[in-house]
Structure formats: C-alpha cells, structure tokens
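Biologist: Could you take me through the largest pocket of this protein in some detail? I would like to know what lines it, and then how the rest of the chain is built.

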Amino acid sequence: MATLKATARDPNDPKKTEHLLALDGAKERLHLLKADLLEEGSFDSVVDGCEGVFHTASRFYYKVTDPQAELIN
C-alpha cells in the first residue's frame with residue numbers, strides 16, 4: 001500500500017487539514033509535513049526518497065506589477 005506525503009505551512013491547523021485527514025485511508029497512509037514555498041530548502045526532506053512528486057502549488061501575490069517576472073519566471 002502506497003503512502004502519500006503532503007505539505008502545508010501549518011499541518012497542525014485543523015481548518016487547513018481536517019478535510020484531508022477525513023479521506024478514506026488517510027489515517028494510515030497520509031503524512032502531512034510542514035513546508036513553505038517561500039522558504040528555500042523547506043521541501044528537501046519532504047521529497048527525499050519519493051518515487052514521484054506532484055507539485056501543484058504556486059506563490060500567490062495580491063499586488064503584481066510584472067506578472068511575467070514575478071509569477072512565471
């Protein structure tokens with residue numbers, strides 16, 4: 001049975017994680033770990049030893065003056 005590592009800035013915040021922990025099999029296979037896109041290296045230990053990574057998050061800014069430079073590059 002495969003395990004899944006997922007990240008959150010605060011994995012102990014039930015408002016952000018209870019919907020994930022309620023999924024079928026989550027208690028046995030889901031590991032929520034602390035990581036932040038804005039902290040360099042915070043994902044290193046999370047992806048170490050993984051066979052695959054699905055990265056679906058991105059930085060979010062409220063005020064963007066140059067979308068190409070600030071969001072894409």
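Modeller: Happy to; here is the pocket, followed by the protein around it. Please keep in mind that this is a predicted model.

Let's start with the pocket itself. The largest pocket has a volume of about 1000 Å³, and 31 residues line it. If you want a place to begin on your screen, look for Ala6, Thr7, Ala8, Phe43 and Ala57, the lining residues that lie nearest the centre of the pocket. As for chemistry, the lining divides into 17 nonpolar, 7 polar and 7 charged residues.

Which elements each supply at least two residues of the lining? They are strand S1 (4-8), helix H1 (14-21) and helix H3 (44-47). S1 gives the largest share, with 5 residues.

Now for the protein around the pocket. Its secondary structure comes to 4 helices and 2 strands, and along the sequence these follow the pattern β-α-α-β-α-α. The C-alpha atoms fill a box of roughly 45 × 30 × 15 Å along the principal axes. The radius of gyration is 15 Å, whereas a compact globule of 73 residues would have one near 11 Å.

Burial and contacts complete the picture. Of the 73 residues, 15% count as buried, taking buried to mean under 20% relative accessible area. The protein exposes about 6600 Å², with carbon and sulfur atoms supplying 52% of that area. Among contacts with a separation of 6 or more, 45% join residues 24 or more positions apart.

Definitions and conventions: Residues numbered from 1 in each chain as written. Predicted model: local features only at pLDDT ≥ 70, side-chain atom pairs only at ≥ 80, totals over all residues. Heavy atoms only, no water. 1 Å grid on protein atoms, 1.4 Å probe; cavity = no way out; pocket = protein on both sides within 12 Å on 5 of 7 lines; lining within 4 Å. Points joined across faces, edges and corners; volume = space filled by probe spheres on them. Nonpolar A, V, L, I, M, F, W, Y, C, P; charged D, E, K, R; others polar. Rg over C-alpha atoms; globule rule 2.2 N^0.38 Å. Buried < 20%, exposed > 50% of the residue type's maximum accessible area, 1.4 Å probe, protein only. Contact = heavy atoms within 4.5 Å. Areas by Shrake-Rupley, 256 points an atom, 1.4 Å probe, with all protein chains shown as cover.
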